[in-house]
Amino acid sequence: MSSGTRRPTALMPRHRRRGLLLLALDVVLLLVAFNLIAALRGVTVQGGAPLLLELLPPLLLSIFALYLIDGYSLRTDMVSLDYTSQHIIAMTLAAVGTILITFAVIPSNAAGSDALRASRGVIVFSFLVMAPVTLSYRRILRLHHQRKHGQRSIVFVGTDESCEAFAASYNQSEMTQPLVTSVVENRSTSPFQTTVAGHVALSDLLDRIQNGEMAVEAIVLRESGRELEAEASERLLGLYFAGVPTYTLELFHDIYWRKIPLYRINQTWLFQEGFQIAREPVFARLKRLSDILLSALGLLLSGPVILLACVAIWLEDRGPVFFRQSRTGLNRVPFNLLKLRSMRNSTHNADLYTQPGDSRITKVGGFLRTTRIDELPQLWNVLRGEMSLIGPRAEWTRLVENYEKLIPSYHYRHLVKPGITGWAQVNYPYGANVADTLRKLEYDLYYIRHFSFVMDAAIVLKTIHVMVFGKGR
């Protein structure tokens with residue numbers, strides 16, 4: 001899920017050491033856990049050698065699963081309940097994958113295959129040990145990191161307007177470091193000395209950083225450097241080469257918040273930056289193939305659940321069980337989206353948005369929305385090629401017409417098929433106004449720009465977390 005953006009070289013060794021330490025701990029733990037559980041259950045390899053090559057599938061699967069949830073980055077809040085649930089889900093899926101590979105993929109006559117085949121309990125109990133232990137030392141390292149770096153400030157340098165906009169976005173994020181802003185503007189007085197109420201003069205700020213009076217996590221600069229004097233630019237450059245992380249505002253959004261700031265978008269941005277999905281059509285073909293296979297399998301497996309939901313909907317108010325609505329798809333082509341009805345009949349179009357505690361939502365519908373079961377019929381739209389499993393949310397055509405008038409870059413999200421779930425859906429709550437739509441669009445554009453199957457896998461894990469813990473709406 002890496003954006004592929006170059007980071008300051010001075011920081012790479014520190015970040016790599018943290019990631020490599022967690023990776024090494026995971027490898028050692030897996031080797032110890034599997035061999036210990038195998039010994040306790042009487043499972044041995046011929047000649048009494050320890051389990052090694054046999055553990056390659058669970059090792060790779062667990063590392064990949066933890067990588068998908070940013071389990072190797074101490075920027076991740078590993079103390080939070082959200083991360084805890086994602087960690088448990090990731091390790092559970094790694095265990096299920098190990099069982100499937102061991103008993104369904106690896107030939108029974110393969111060298112060393114008998115060791116894990118001899119007892120499913122070895123796999124199950126080993127992952128039961130690994131899940132809490134891997135989470136525990138991540139929490140310990142994260143708390144140590146917070147104690148050591150928690151007071152490191154984020155410094156933003158820009159115009160008064162950009163400082164206020166950045167502060168608003170920062171307050172909505174989950175970052176806990178102190179934020180310090182410095183305003184520089186084109187005025188008759190020296191911009192290097194400008195002090196605006198609520199902000200710190202840039203010259204004083206740089207003095208405090210250089211003198212070691214302020215610990216800095218990152219310095220963030222607005223892309224245009226026209227406001228900076230030569231002396232200020234030279235001092236910032238010196239701090240950068242001294243190892244102080246310095247980012248443009250767009251790069252900070254990309255690395256820390258995984259979204260594209262809309263102020264950078266214009267009518268030629270697509271051609272300047274390009275999209276991986278547009279440059280590599282083979283990805284689109286492979287994505288379509290996976291959509292067909294997985295949506296068909298999903299419809300087969302979820303058929304009984306959809307049937308039970310249909311019965312419950314009908315029993316509650318005797319109304320139609322399905323809901324159809326015109327949505328905007330790839331290249332702005334409309335299609336009829338299919339969902340399980342969650343509102344009272346003939347009330348879906350009464351208001352443009354649903355609100356918390358919306359009286360139109362039925363009792364059964366509230367449960368279906370919370371668990372995302374109401375979305376399952378959209379697998380039929382995926383199978384028909386109107387949607388993908390993962391992509392921007394399919395918006396009501398009536399809303400899209402309004403958004404495209406208000407948001408010049410909104411049409412970029414129609415460069416790909418809409419999805420049942422997506423990067424914006426798992427990172428931002430349900431939008432109920434234009435301001436929310438702007439924020440979600442930043443995540444949609446990030447997904448479109450950085451699309452990869454690894455990123456799709458991460459979205460799947462986060463979607464499972466949302467469904468299991470009832471965060472749908």
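Before anything else, a word on one term: when I speak of a contact, I mean heavy atoms within 4.5 Å. With that in hand, we can turn to the fold, and I should say straight away that what you see is a predicted model. Counting the contacts in the protein chain with a separation of 6 or more, 73% are accounted for by residues that stand 24 or more positions apart.

Let me give you the overall inventory next. The secondary structure of the protein chain comes to 18 helices and eight strands, and of its 473 residues, 51% are buried. The chain exposes about 23200 Å², and 60% of that area is supplied by carbon and sulfur atoms.

I would like to go on to the salt bridges, of which a search of the whole structure finds 13. The pair I take up to begin with is D207 and R235, whose closest N and O atoms are 2.5 Å apart. Because D207 lies in helix α7, residues 202-210, and R235 lies in helix α8, residues 230-241, this pair ties together parts that are 28 residues apart in sequence. As for their surroundings, D207 is partly exposed, with a relative accessible area of 32%, while R235 is buried, with a relative accessible area of 15%.

Another pair is R449 with E250, whose side chains meet in a salt bridge at 3.2 Å, N to O. Here R449 belongs to helix α17, residues 434-450, and E250 to helix α9, so the pair ties together parts that are 199 residues apart in sequence. R449 counts as buried, at 17% relative accessibility, and E250 is buried too, with a relative accessible area of 12%.

A further pair is D456 and K287, and their side chains meet in a salt bridge at 2.9 Å, again N to O. This pair links distant parts of the chain, since D456 sits in helix α18 and K287 sits in helix α12, 169 residues apart. Are these two partners buried or exposed? D456, at 7% relative accessibility, counts as buried, and K287, at 10%, counts as buried as well. Before we leave the salt bridges, please also note that some of them share partners, and that in this way K259, R439 and E442 are joined into one network.

Helix α12 will come up again as we move to the empty spaces in the model. The general idea is simple: rolling a probe the size of a water molecule over the atoms shows where empty space is left. Consider the second largest pocket, which has a volume of about 720 Å³. Its lining is made of 22 residues, and those closest to its centre are L294, L379, L389, T421 and V460. Which elements each supply at least two residues of that lining? They are α12, β7 (388-390), β8 (419-421) and α18 (453-468). By class, the lining of this pocket divides into 13 nonpolar, four polar and five charged residues.

The structure also holds two cavities of 30 Å³ or more, and the second largest of these has a volume of about 30 Å³. Around this cavity we find I313, E316, D317, R341, S342, M343, T362 and V364, and by class they come to three nonpolar, two polar and three charged residues. Helix α12, which spans residues 281-317, gives the most to the lining of this cavity, with three residues.

Finally, I have a few single residues to point out. H87 has its place in helix α3, residues 81-105, and because its relative accessibility is 0%, H87 counts as buried. Leaving aside its neighbours within four places in sequence, what is H87 in contact with? The residues are L66, I69, A131, T134, L135 and R138.

The other two residues are chosen for their backbone. D70, found in the loop between α2 (56-68) and α3, has a phi near 60°, a positive value in a residue other than glycine. R258 also has a positive phi, near 55°, and is likewise a residue other than glycine. R258 is found in the loop between α9 (249-257) and α10 (269-273), and with a relative accessible area of 17%, R258 is buried.

Technical notes: Residues are numbered from 1 along each chain as its sequence is written. This is a predicted model: local features need pLDDT of at least 70, side-chain atom pairs count only at pLDDT 80 or more; totals for chains, interfaces and linings use all residues. Side-chain values use heavy atoms; hydrogens and water are left out. Helices (H or I, at least four residues) and strands (E, at least two) are DSSP runs, numbered from the N terminus. Buried means under 20% relative accessible area, exposed over 50%, partly exposed in between (1.4 Å probe, protein chains only). On a 1 Å grid over the protein atoms alone, a cavity is a set of points where a 1.4 Å probe fits but cannot get out, and a pocket is an open set with protein on both sides within 12 Å along at least five of seven lines; lining residues have an atom within 4 Å of a point. Grid points are joined across faces, edges and corners, and a volume is the space filled by probe spheres set on the points. Ala, Val, Leu, Ile, Met, Phe, Trp, Tyr, Cys and Pro count as nonpolar, Asp, Glu, Lys and Arg as charged, and the others, Gly among them, as polar. Accessible areas come from the Shrake-Rupley method with a 1.4 Å probe; for residues, only the protein chains shown count as cover. A salt bridge is a side-chain nitrogen of Lys or Arg within 4 Å of a carboxyl oxygen of Asp or Glu.
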